[in-house]
Protein chains: 2
Amino acid sequence: MQDIRDIERIAVIGAGLIGSSWAALAMGHGLNVSAYDPAPGAEEKFRHTVERAREQLAALGLANTGQYQFTNDLDEALQGVDFVQENGPENESAKRALLSRLDAELPPEIIIASSTSALLRSTIVADCRNKRRVIVAHPFNPPHLVPLVEIVGEDEAIVDRAAAFYRSLDRRPVVLQREMPGHVANRLASALYREAVYLVEQGVASVAEIDAALCNGPGLRWALMGPHMTYHLGGGEGGIAGYLAHLGPSQVRRWQSLGTPSLDEDVQQRIIEGVAEEAAGRTIAQLEERRDEGLLALLRARKLVSE
Amino acid sequence: MQDIRDIERIAVIGAGLIGSSWAALAMGHGLNVSAYDPAPGAEEKFRHTVERAREQLAALGLANTGQYQFTNDLDEALQGVDFVQENGPENESAKRALLSRLDAELPPEIIIASSTSALLRSTIVADCRNKRRVIVAHPFNPPHLVPLVEIVGEDEAIVDRAAAFYRSLDRRPVVLQREMPGHVANRLASALYREAVYLVEQGVASVAEIDAALCNGPGLRWALMGPHMTYHLGGGEGGIAGYLAHLGPSQVRRWQSLGTPSLDEDVQQRIIEGVAEEAAGRTIAQLEERRDEGLLALLRARKLVSE
């Protein structure tokens with residue numbers, strides 16, 4: 001059984017935005033990276049994204065002693081690696097074939113983790129011979145800053161080992177007891193977004209104001225605690241039990257009043273115009289820059305607060 | 001027309017947790033407060049909550065030069081005030097009667113703002129003669145720390161004036177174009193919570209792990225930007241238009257797969273046990289303390305990030 005302390009070199013298979021961010025995170029923690037991406041121009045983009053991410057990680061005080069090698073040869077990328085993070089396209093048959101090839105080529109003790117956000121583990125491991133060592137480890141964008149990693153696997157020992165590995169990268173693994181399309185976090189996000197789109201559809205508030213309501217209200221609290229704990233504190237002295245006893249029925253009534261909008265052309269157009277208004281001329285790169293600065297500031301702030 | 005710069009004294013009608021927090025916020029910004037609450041022991045609790053909140057506001061650098069008077073006589077509380085924040089019980093007929101009495105006793109230029117979270121403005125102003133000056137201004141707990149104030153009114157000039165007043169208290173007003181049960185933010189929270197309960201019901205992850213997934217993933221990002229802007233940055237170079245074009249259909253499929261759990265006794269029990277496990281022996285007071293410390297740290301962090 002491989003010890004996570006022996007992991008010194010990881011392969012990042014698929015080195016786009018997510019893969020680059022994984023690579024920077026690993027190097028920030030002193031690991032070496034074999035990055036593979038066959039797309040034309042991928043190396044240039046990878047280098048650029050990694051440089052920026054490593055600067056951000058340096059600001060968090062990480063050592064950044066890891067090195068990378070970039071290749072468009074998959075066999076070369078897999079030489080001598082101790083862990084594999086796969087970030088290929090979100091296409092079922094492509095992912096299935098890629099994982100099967102990784103599984104065939106790698107020694108059996110190496111964990112192969114897929115960053116898939118939308119596909120089910122059971123589907124994408126179908127063609128692997130050694131399915132147990134293939135897990136889902138889904139990060140949140142950008143993975144070098146957002147701590148969450150959602151893990152789905154079938155072998156408890158392997159899942160535990162992977163969780164320990166991600167903890168060693170200062171991530172917060174969340175282990176699912178069973179697989180579910182969208183895992184946990186994107187399902188929560190999707191449920192919230194459905195209502196956000198409904199409020200746009202119904203003309204209750206503008207896109208920018210709905211966004212502002214979230215990040216100046218519940219979103220701010222949710223950077224500290226999840227929904228159950230939030231209602232525990234919203235229940236007064238009775239806590240969550242008091243909340244459910246007194247306000248459970250009104251919560252259920254609220255659920256019944258939630259919308260089921262259609263994302264038709266008219267609604268899409270209103271969202272696109274609303275976001276343009278909210279962006280107020282700032283480019284995506286500028287907005288990303290601001291998000292990342294904000295995430296760094298929040299992460300530093302959270303570290304100062306005692307557990 | 002009253003100028004918000006002339007507001008020097010506000011009445012806080014109903015001085016429980018929300019009212020105390022509003023009072024502390026106003027005093028932090030140099031305003032004087034008339035606090036009214038007829039409940040036995042209310043003054044003692046009010047003093048305690050206000051003291052703690054003022055310490056927190058001092059840590060944010062607020063002047064805290066305001067003073068308060070506490071009374072259990074409503075007429076006395078309304079003498080000489082320039083703005084009224086009502087925080088009575090969330091009971092439709094009680095709220096309706098209280099607002100009608102405030103409306104009858106106050107000069108017509110004074111804005112009466114109700115903190116109601118669950119009631120509709122049209123319902124609670126029904127017995128007021130001067131309905132236009134009665135608005136909903138719903139804060140998020142705790143109001144002296146969480147910036148959001150959701151505003152519902154019918155007179156644009158009055159709504160604008162109230163929004164300017166809340167901005168002068170460093171709040172972020174969000175004006176609704178029309179009333180909606182639960183306003184905006186609690187509907188978003190409720191939509192997310194329905195899915196969180198579904199994931200508990202389906203045994204996908206524990207209560208603590210679902211909470212961790214939110215606050216280490218999307219919740220952290222939502223402290224900085226709302227859902228529309230988040231998908232704008234999730235769409236790559238095509239932004240929200242690219243996101244909707246390419247991933248809109250999968251978002252709609254995800255919506256169709258979201259759960260409609262029942263909050264039955266079994267599920268309630270699992271939530272209560274799960275929260276107890278997550279709280280790990282910490283009392284509600286300790287958890288609140290940590291939340292407030294965390295909010296203060298996040299607010300300071302956000303201030304450092306350029307708009």
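These legends cover close-up views of a predicted model with chains A and B.

Local features need pLDDT of at least 70, side-chain atom pairs count only at pLDDT 80 or more, and totals for chains, interfaces and linings use all residues. Residues are numbered from 1 along each chain as its sequence is written, chains are lettered from A and ligands numbered from 1 in the order in which they are written, and side-chain values use heavy atoms, with hydrogens and water left out.

**View 1. The contact between chain B and chain A takes 103 residues from each of the two chains.**
Contact means heavy atoms within 4.5 Å. The two chains bury about 10300 Å² between them, and 69% of this lies on carbon and sulfur atoms. Buried area is the accessible area (1.4 Å probe) that two parts lose on being put together, summed over both. In chain B, the residues that lose the most area to chain A are Tyr193(B), His228(B) and Trp255(B). Together they make up 8% of what that side buries.

**View 2. Four salt bridges are counted between chain B and chain A.**
A salt bridge is a side-chain nitrogen of Lys or Arg within 4 Å of a carboxyl oxygen of Asp or Glu. Glu209(B) pairs with Arg172(A) in a salt bridge, with the closest N and O atoms 3.1 Å apart. The chains also share 28 residue pairs in polar contact, both residues at pLDDT 80 or more. A polar contact is a pair of N or O atoms within 3.5 Å; within protein, one must be able to donate a hydrogen and the other to accept it, and residues adjacent in sequence count only if both atoms are side-chain atoms.

**View 3. Several elements of chain B give two or more residues to the side that touches chain A.**
Among them are strand E8 (172-175), helix H7 (185-201), helix H11 (239-257) and helix H13 (284-304) of chain B. Helices (H or I, at least four residues) and strands (E, at least two) are DSSP runs, numbered from the N terminus. H7(B) gives the most to this side, with 16 residues. By class, the side of chain B that touches chain A has 61 nonpolar, 24 polar and 18 charged residues. Ala, Val, Leu, Ile, Met, Phe, Trp, Tyr, Cys and Pro count as nonpolar, Asp, Glu, Lys and Arg as charged, and the others, Gly among them, as polar.

**View 4. A turn of 180 degrees and a shift of 0.0 Å along the axis lay chain B on chain A with an RMSD of 0.0 Å.**
That is the relation of a two-fold axis. Copies are superposed by least squares on the C-alpha atoms of residues with pLDDT of at least 70 in both. Of the residues of chain B, Leu192(B) comes closest to the rotation axis, at 2.5 Å (C-alpha). The copies meet through the same surface, because 100% of the interface residues of chain B are also interface residues in chain A.

**View 5. Chain A is assigned domain 1 (4-175) and domain 2 (185-304).**
Domain bounds come from an automatic or database domain assignment. The C-alpha centres of these domains of chain A lie 29 Å apart. In chain A, 15 residues of domain 1 are in contact with twelve residues of domain 2. The two domains of chain A bury about 1100 Å² between them, 56% of it on carbon and sulfur atoms. Arg52(A), Leu60(A) and Leu145(A) supply 41% of the area that domain 1 buries against domain 2, more than any other three residues.

**View 6. Three salt bridges cross the interface of domain 1 and domain 2 of chain A.**
Asp292(A) forms a salt bridge with Arg52(A), and the closest N and O atoms are 3.0 Å apart. Helix H2 (42-59) and strand E7 (148-152) of chain A each supply at least two residues of the side of domain 1 that touches domain 2. H2(A) gives the largest share of that side, three residues.

**View 7. The peptide bond from Asn141(A) to Pro142(A) is cis, with omega near -10 degrees.**
Pro142(A) lies in the loop between strand E6 (134-139) and E7 of chain A. In chain B, the peptide bond from Asn141(B) to Pro142(B) is cis, with omega near -10 degrees.

**View 8. Asp170(A) is not a glycine, yet has a positive phi of about 65 degrees.**
Most residues other than glycine have a negative phi. Asp170(A) sits in the loop between helix H6 (156-168) and strand E8 (172-175) of chain A.
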